[in-house]
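This report covers one predicted model. Read it with the structure open.

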Amino acid sequence: MGMTPNARRILLGLLVLLGLYVGLWATLFPLSFYESFPGPFSSWVAADGPYNEHLVRDVGTFNLGLAAASAAASRYRDRGPGLAVAIAWIVYSVPHLGYHLHHLAGLGAVDAVAQVIALSSTILLALPLLLPVRDSAPADRSAVAGGVGAR
């Protein structure tokens with residue numbers, strides 16, 4: 001069992017997008033992030049305590065770092081860079097999710113469920129990156145073995 005390079009690249013690309021979304025917003029507009037994250041209809045961060053620009057910017061730059069590492073890992077075909085990035089996302093995301101699971105009281109039911117889903121997404125995207133990388137899909141190998149498409 002393994003993951004194709006294209007599937008791996010897609011997962012890393014999704015992690016890049018999530019890291020950029022959180023990272024750019026929190027870094028460039030920390031008060032807006034605090035008051036409005038994850039979007040115009042909710043405020044998950046403000047529900048958890050007073051505003052601290054330093055901590056919000058730290059969350060932003062940390063997410064930008066993970067996004068940059070994910071983007072760099074997506075350029076490599078071998079497993080190593082993606083594995084390292086996956087571990088970093090998991091080490092960040094599991095305690096982050098754990099904290100928020102114990103602090104849902106300030107949120108309405110819809111926001112609580114949405115927050116758990118959103119915070120679980122980085123874990124669910126990173127876990128498959130722990131799998132080995134396959135060279136090609138099984139159908140591709142049989143075509144090459146039969147002489148079709150050999151280069």
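## A cis peptide bond

P38 sits in the loop between α2 (30-36) and α3. The peptide bond leading into it, from F37 to P38, is cis, with omega near 20°. Most peptide bonds are trans.

F37 also has a place in a nonpolar core, covered below.

## Two nonpolar cores

The largest nonpolar core holds 14 residues. L11, L12, L15, V85, W89, A126 and L129 touch the most other members. Two or more residues come from each of α1, α3 (53-73), α4 (79-101) and α5 (109-126). The top contributor is α4, with five residues. In soluble globular proteins, nonpolar side chains tend to be buried together.

Which residues does L15 contact, leaving aside its neighbours within four places in sequence? They are S70, W89, T122, L125, A126 and L129. Another core lies apart from the largest one. This other core has 10 residues, among them F37, W44, L107 and A112.

## S74 in the α3–α4 loop

S74 belongs to the loop between α3 and α4. Is S74 buried or exposed? Its relative accessibility is 15%, so S74 counts as buried, the cut-off for buried being under 20%.

A polar atom of the S74 side chain lies 2.7 Å from the backbone oxygen of A71. Leaving aside neighbours within four places in sequence, S74 is in contact with R9 and L12. L12 is also one of the residues that touch the most other members of the largest core.

## V59 on helix α3

V59 is in helix α3. With a relative accessible area of 36%, V59 is partly exposed. That label applies because the value falls between the 20% limit for buried and the 50% limit for exposed.

V59 and T27 are 32 residues apart in sequence. Their C-alpha atoms are 7.7 Å apart in space. Setting aside neighbours within four places in sequence, V59 is in contact with V22 and Y92.

## A nonpolar surface patch

L20, L24, L28 and F29 make a nonpolar surface patch of about 370 Å². L20 is located in helix α1 (residues 5-28). How accessible is L20? Its relative accessible area is 33%, so L20 is partly exposed. A patch residue needs over 30%, and therefore L20 qualifies on accessible area at 33%.

Conventions: Residues numbered from 1 in each chain as written. Predicted model: local features only at pLDDT ≥ 70, side-chain atom pairs only at ≥ 80, totals over all residues. Heavy atoms only, no water. Patch = residues over 30% accessible without salt bridge, like charges linked within 9 Å, V, L, I, M, F, W, Y side chains within 5 Å. Areas by Shrake-Rupley, 256 points an atom, 1.4 Å probe, with all protein chains shown as cover. Salt bridge = Lys/Arg side-chain N within 4 Å of Asp/Glu carboxyl O. Helix = DSSP H or I, 4+ residues; strand = E, 2+ residues; numbered from the N terminus. Buried < 20%, exposed > 50% of the residue type's maximum accessible area, 1.4 Å probe, protein only. Core = buried A, V, L, I, M, F, W, Y, C linked by side-chain atoms within 4.5 Å. Contact = heavy atoms within 4.5 Å. Polar contact = N/O pair within 3.5 Å; in protein donor to acceptor, adjacent residues only side chain to side chain.
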